[in-house]
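Got your viewer open? Let's take a short walk through this model, one selection at a time.

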Amino acid sequence: MTPNDHDTSRDGGTDVEAGGETAGSEGYSENVNRHLPRGGRPHTRVADGGTALGGTDDAELDRGPFSRWVESSIQSPERVYKAMFYVAAIFFLFTTLFPFYWLLMVALTPEGQLEDIVFTPNGFNPGAFIEVFEVLPFHWYMFNSFVIATASTILVLVIASLTGYAFGRLEFPGRTPLMLLVLVVSFFPPAAFFIPLNDLFNTPVSMLEPIMSDGTLYNTPGAMVIPISAIFIPLSIFILTTFYAQIPDGLEDAARVEGTTRLGALFRVIIPLSAPGVATAGVLTFIAVYNEFFFSFLMTDGQPENWAPLLEGILGYQGQYEILFHLMAASSIIGVLPVAILVIVAQEKIVSGLTAGALKE
Amino acid sequence: MARVQLEHVTKRYEDVIAVDDMNLDIEDGEFVCLVGPSGCGKSTTMETIAGLTRPSDGNVYIGDRDVTNLAPKDRGVAMVFQNIALFPHMDVFDNVSFGLRLRKYDDEEIERRVEQAADIVQLEGMLERMPDEMSGGQRQRVAIARAIVRNPDVFLMDEPLANLDAKLRVHMRTELQRLHRELGTTIVYVTHDQAEAMTMSDRIAVLNAGKLQQIDPPLVCYNEPANLFVAGFIGSPSMNFVQGEVVDGGLETKNFDVELDHAAVPGAGTGDTATLGVRPEDIHLARKADAVTHPTSRIEVTTDVLEPMGDEIFVYLMLGEGAERTMEEDPMESPDQLLMSVTPDTDIREGETVDVVLDRSNVHLFDAANGNALVHGIVDLPGSEPGTTPTEAED
């Protein structure tokens, strides 16, 4: 009550000649009518708010810009939500995209002038994107990464499809404990596997001798595909289990009566109907393997002819006496492109895949 | 076309027996309905024939082959599912030709057969459509086309009409009968709707709790039910049951007595309890019972609720004095209620006290202990010559 009364008197002084003092509980409607022509905008809250607050001159308050903004925000919160959305979106876009922008600035800056980059490149040297391929066979590293990522993705999808079918569509004793075991394995730090695996992959196996010169897996794609696939398989198993479990039993039964085996029904009916899930699992695996650092770095000697992946190429611009930052930046951008294209192409399926799994669980 | 035989088929799950020692012999070209309440094992029996479920014990034969351990695809069966189960990512042509393509038929043959099947189920011009662009009835017809296109030995239909609306269901029922007449293939049909079973099948197999109760032509199941379950399940509204005690010269129930030559009824000795079963249409008003050749003595009842159905009126009858209304439980199970059906022109009102008689030739007696039928029709009166029963007493 008190602030209103106070406001009323102030209001009367500045704005309306008779408003303040006559504004009592008697006849507020008359009061409103009197004010309308002068006060301009009729205040919607006056009709009921006036009696409740004991004053009718709410509309005529002389508030500061901040108070007015607060008032309008309270009345139409959508505007605030919208503003908050833009703030959050811009912040998110900035934190996501700024590193790329910075990378581009570094890549475009000629060698030796890095110290003066603020928001524009210090000079302009697009030739770095070509120089990258001249200094090192960077395309070779990219090809290696691509092969490793593709092979891992195929391996993961095949194994996870079969596992997902078993977990999602079959009843068997120990299903839940086994599922938990898969989950636990996925939580192991990759470093825990490294030493035994490195030892294993450096041990000559006579069976491999016809294929590999020295009979070891070190310096071959296998040394990366096998451990990396093992690490990323649980995620795909979970995604595919969720999807395969949702396909009605009748469809599988129908396919089996029509002439497929269980496996045939999986490939002809269940997988096509779970396409968003398979695409999601595939793309996530591909990206994860393509970006993988630990095993990729340690399972080869870093030479492109020994299947060294992308990141060895990027690190290759770091010499003993100088670091070619502009080439590292340029090669990083080139390296990101395949994944960026893949995500843009598959994003619709990924989004529907991730949300379908989440909603129907 | 082939004969289907089940020999001692049992299916056990962890804690339940879904199918218990089932023996079925389905003739070549026969249309057999498996009926029973939910959970009676009829779908499991069907899946056992299809090969989707492997029996825990027993053998399944299709034609001359023991198919117990064969995969579904090698059994020569086709199945129509309750939820239709069309592959949603394929158009009608691909759905129908799915089985043919798997069997590597050449393209011309596939095309010819699909067209022929589409013709039979009247789907011409719809082969390009996707399942989600079709109505329920059309989808069901695609499912049937998918089944017939391979010329299977046996059709298995698992409640194919359950998801259709009432009008379409009646229509498809006729279509299926026409199809059976045209193709002459053995059809095994699962339904819980006894009206569907009565109208379509050559023989009905009534199942309850995983056990085969009776397999006979529809009218035999109706007129001579093998036991209490079949008697109560077949026919709508179901049969009235009244518990009674066999005494010398009759059957005494709580509210009325029926004359009976118990010597002519094997298995019913004096002092045994028996259940009397009588269908609503075999109860007659005493004043209009001239046409009944073997009436029982009059029973005094009070009419309760009348349900006019158009072609007949169902009358709920209260027996005895101070009979209590038992609306919660099944009225047919109550000893104090009977359901009578009369012609619509009958002059009858609620709350009226009338006399009724039962038609003795259609009174059934069941052993109260195990539910098996003792006799169908109790025409013999005490003292008359035995062996003149018009309806044969089985068991």
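Start by selecting residues 83-104 of chain A: this span is 100% helix and 0% strand, and its end C-alpha atoms lie 30 Å apart. Keep in mind as you look around that the model is predicted. Now try residues 217-244 of chain A, where the end C-alpha atoms are 35 Å apart and the chain is 82% helix with 0% strand. Why these two spans? An unreviewed UniProt entry marks both as "transmembrane region", along with residues 141-166, 178-197, 265-290 and 323-345 of chain A.

Next, pick helix α12 of chain A, residues 249-258. How many of its ten residues are buried? Eight of them are, so the helix is mostly covered. The buried ones include Leu251(A), Asp253(A), Arg256(A) and Val257(A). To see what they pack against, show α13 (262-273) of chain A, then add α1 (42-50), β6 (77-80) and α2 (92-102) from chain B. Just after α12(A) you'll find Gly259(A), which has a positive phi, near 135°.

Time for the nonpolar cores. The largest has 153 residues, and among those with the most contacts inside it are Met79(B), Leu156(B) and Val188(B). Its largest share, 14 residues, is supplied by helix α11 (residues 222-246) of chain A. Click on Leu156(B): which residues does it touch, leaving out those up to four places away in sequence? They are Met46(B), Ile49(B), Ala50(B), Val77(B), Met79(B) and Val188(B). Apart from the largest core there is another one, of 18 residues; select Val106(A), Phe138(A), Leu327(A) and Ala330(A) to see some of its members.

Last stop: strand β17 of chain B, residues 313-319. Is it enclosed or open? Five of its seven residues are buried, so the rest of the structure largely encloses it. Bring up β16(B), residues 299-308, which pairs with β17(B) in the antiparallel sense over six bridges. Here Thr303(B) stands opposite Leu317(B). The two strands make a hairpin with four residues between them, and in the turn Gly310(B) has a positive phi of about 100°. Then add β18(B), residues 337-342: β17(B) pairs with this strand too, again antiparallel and over six bridges. To line them up, find Met318(B) in β17(B), opposite Gln337(B) in β18(B). While you have the strands on screen, remember that side chains in a regular strand alternate between the two faces of the sheet.

Conventions. Residues numbered from 1 in each chain as written. Chains lettered and ligands numbered in written order. Predicted model: local features only at pLDDT ≥ 70, side-chain atom pairs only at ≥ 80, totals over all residues. Buried ≥ 20, exposed ≤ 12 C-beta atoms within 10 Å, placed from the backbone. Pairing = 2+ DSSP bridges. UniProt positions renumbered as here; feature names shortened; annotations may be inferred. Core = buried A, V, L, I, M, F, W, Y, C linked by C-beta atoms within 7 Å. Contact = placed C-beta atoms within 7 Å.
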